[in-house]
Structures are given as structure tokens and as C-alpha cells.
Amino acid sequence: MARKFLYIMAALVVLVLAGGIALVLWSDSLTRLAFVPTARFAPQPALAANIYDDPAMWIARPGLGAKDPSHWLPPEQKPDAAPLKAAVFFIHPTSYLDKAQWNAPLDDAKSRALADTFVRGMASAFNASPDLWAPRYRQAAFGAFLTDDPQATEAIDAAYRDVLLAFDAFVAATPKDLPIVLAGHSQGALHLKRLLRDRVAGTPLAKRIVAAYVIGWPVSLEHDLPAMGLPACARPDQAGCVVSWLSFAEPADNHMLLESYAERPGLDGKPVGGSAFLCTNPLTGTAGGPTDTKAADAKANLGTLVPDLEKNTGKLVPAMVPARCGADGFLYIGPPPELGPYVGPGNNYHVYDVPLFWANLRADVAKRVMAWQSRQH
């Protein structure tokens, strides 16, 4: 596990969830002291095979009604004229900051509330579908991403087993003729990469995948993507492919992320080294590359979701942020936009990966569902 990369990504989660933490704590040693669990890892007992039949195990799923935070829409977004004919499985990012345990208890009130907030702000981009599912799972603690302690790997693996169980229940409950959209951010994206390898690649289910949105975690083109069983999305009208981006404003300082990325193992178990990672421009729906650095103008941005943290809501602002895939694989968004206080060091906009392009992501999903449907005829 590459410490520097995970320090930054996890610290960004802390910034969005616990904004009162001052940047004076921005050091490896103090951050580890504050958040790495002090208890010994407790092996997580296996959940009952049918536990995800219980609606209480889901943040979002059909039938929850007003309790489902994924139903939220910004005031500027009109309800869709027709429902999106696809089922969505969304894996939320880290919302457990406590250091008392390596994995979040399912009944932890704070992490549950924060997970609900993430689903409201991120999964809502997919809510044109009436079949949107987002599981509760015993996520790895924030501190598990700050250390090379083997217990951290055990905690992440334990969280992933819950995700797999939830996914199996989702597939079993979804009509076999309905296509599937997969999405996850940060820790959720890490689990989604593995899920694609273990549940989709080389199986009949692969033919049902509209797209996999692996956002906020790098996807190595050499060491991850082949194992995931789907190609990168090269065109906006392409189905059965992978979308991914990591957002930075300019001037950007991402050298630590690049150095740490080189040390991380890929899904094939090999170090990713200097291999290129996937960058999808969410304003064009196309994959970038070392020679593809053309920017999409801010006019192409249908709506950035600007959060109002005090009221736990937000508003859509069109034409606010441009985007281009840099030669280094990161998504660059021009000068720093004013979205709130939770921008990471080096102009890292990780916590805003989805809000930056909320309306375009919504449109991208609809377009790829149409592409999947046309492929069936």
C-alpha cells in the first residue's frame, strides 16, 4: 500500500467530513496519530447470506420512499420526463473517522449520517433510474488508509466482502433483462475495481454493464483495466466500458500522488510503476491520453453542484468549470473554482470529483444507457 497516495486521499476525506481539522495537522505522523486505529483488528464476522434482503441494510434502494437520500435533486434540475431503464449500484466513499475500530460498525450513527450525505450529493446524479441501490457496509476506517500495517489491508478486505455480498443481492433482485450501471467514489471506487474483476470480467453479467464509473481512484491501463473485463470509454456513445477521473485545479502539484501511484500494486498483483492511468473527460465522455490534452470549454459544463454545507443542499451552476485530461492522467479544471473550503493540497479537488460535473455525469449515464439499448437491436 502506498502511504503517500493514501495519506492524501484519506486526508481529503477528513477535510470534507471534519472541516474543523486545521492544515497544521498536515503531516504523516500527526495524521496517523489522530486517525489510525489503536485497537487490534477484530476479524469481522460473516454477515448472514440473506442480510441484504433487509431494506435497513441499504442507504438507497427501491421502496425506501422519502427515507432514500438518493432521491434528492438540486432545485435547478427538473425531474426526468421518463425513468432511466437501468439499475444502478453505487458504493459510497469513506464516512467513518473513528479510530476505535478498523471497520465501521453498521450502527455507527455519525458514519451512517455522513454516508447518507455522500449518497445525496453523488448518487443523486444517477437517480433518473428508479432502481438505484447503495448499500451500507462495514467500511474500512479512514485511518486504514494511512498506514502500511497489515491490519489495514484486513480491514479493507473485510469491507470489500460486505460490498460483494450486497452486490450479489442487488443482481439477484434486478430483472435479468435490465442493464446495470456501476459507480463508486474514493474507497467505493477501490472496491468497485475489485468487484469488476471478481464478479463481472469473463462472465455473462459483463454484457449487461452499461458503464462502470470508477471515480476518485486511479485505474492503471496496464495493470488494472485488463483485469476489470471492460475497456475504457473512448466515446460518449459507447456502452460496456469504464469511466474514471481524478480532479485538480491549476496550478497543480500532484507529484506525491504520481510517486505513490507508482508503488501501488494493480489488480494483477504487480506494481503499477509508471504505467498510464485512465482519464475520462466528463464534459466530452471521451478518454484522454498522453497526446490528448485538448480542453473542453466551461460552456460544455451543464451544471456544477455547488454545495451549501450549512443547509445540507446545493445549487447547479452551468458553465462554471472546464476540463481537460493532462498528459499525466489527471483531469485539470483550470483556475480553482469556489466550491467550498475542502480543497486539498496542490489544488486537489478530490472531494468534488462528482459535484464538479454533476449534470454532465447525469447526461452521460443516460447517453450510455441509450447506446446499450441500441446495441440490443
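**Helix packing, sheet order and unusual backbone sites**

Helices α4 and α5 lie oblique to each other. This holds in a predicted model. Helix α4 spans residues 150-173. Its axis and that of α5 are 10 Å apart, and the packing angle is about 60°. Angles under 35 degrees count as roughly parallel, and 65 to 115 as roughly perpendicular. The angle of about 60° fits neither range, so the pair is classed as oblique. The crossing of α4 past α5 is right-handed.

The residues at this contact can be listed for each helix. Helix α4 contributes Ile-156, Asp-157, Ala-159, Tyr-160, Val-163, Leu-164, Phe-167 and Asp-168. From α5 come Gln-187, Leu-190, His-191, Arg-194, Leu-195, Asp-198 and Arg-199. Sorted by class, the contact of α4 with α5 holds eight nonpolar residues, five charged and two polar.

Helix α5 also meets a sheet. That sheet is open and has six strands, ordered β1-β3-β2-β4-β5-β6, with mixed pairing. Strands β1 (58-60) and β6 (241-243) form the edges, and each pairs on one side only. On average, neighbouring strands are turned by 20° against each other, direction ignored. Within the sheet, β2 (residues 87-91) and β4 (residues 180-185) pair in the parallel sense. Five bridges join β2 and β4. Ile-91 stands opposite Gly-184 of β4.

Two helices lie across strands of the sheet. Helix α5 (residues 187-200) covers β2, β4 and β5 (209-215). Its direction is at about 140° to β4. Helix α8 (residues 358-375) lies across β4, β5 and β6. It runs at about 150° to β5. Strands β4 and β5 thus appear in both lists.

Several backbone sites depart from the common pattern. Most residues other than glycine have a negative phi, and most peptide bonds are trans. Ser-186 has a positive phi, near 60°. This residue sits in the loop between β4 and α5. Ser-186 has a relative accessible area of 3% and is therefore buried, since the cut-off is under 20%. Ala-319 is not a glycine either, yet its phi is positive at about 55°. The loop between β11 (313-317) and β12 (324-325) holds Ala-319. Its relative accessibility is 42%, so Ala-319 counts as partly exposed. A cis peptide bond is found between Glu-250 and Pro-251, with omega about 5°. Pro-251 belongs to the loop between β7 (247-248) and α7 (255-261).

A further loop residue, Pro-37, lies between α2 (28-35) and β1. Why does Pro-37 count as buried? Its relative accessibility is 7%, and buried means under 20%, so Pro-37 meets the cut-off. Which residues does Pro-37 contact, leaving aside its neighbours within four places in sequence? They are Lys-99, Gln-101, Trp-102, Ala-141, Gly-143 and Ala-144. Leu-97 is 60 residues from Pro-37 in sequence. In space, the C-alpha atoms of Pro-37 and Leu-97 are 9.6 Å apart.

Terms used. Residues are numbered from 1 along each chain as its sequence is written. This is a predicted model: local features need pLDDT of at least 70, side-chain atom pairs count only at pLDDT 80 or more; totals for chains, interfaces and linings use all residues. Side-chain values use heavy atoms; hydrogens and water are left out. Two strands pair if DSSP finds at least two bridges between them. Helices (H or I, at least four residues) and strands (E, at least two) are DSSP runs, numbered from the N terminus. Axes are lines fitted to C-alpha atoms, for helices over the stretch in contact, and angles run from 0 to 180 degrees between N-to-C directions. Contact means heavy atoms within 4.5 Å. Buried means under 20% relative accessible area, exposed over 50%, partly exposed in between (1.4 Å probe, protein chains only). Angles under 35 degrees count as roughly parallel, over 145 as roughly antiparallel, 65 to 115 as roughly perpendicular and the rest as oblique. A crossing is left-handed if the near helix is turned anticlockwise from the far one by less than a right angle, and right-handed if clockwise. Ala, Val, Leu, Ile, Met, Phe, Trp, Tyr, Cys and Pro count as nonpolar, Asp, Glu, Lys and Arg as charged, and the others, Gly among them, as polar.
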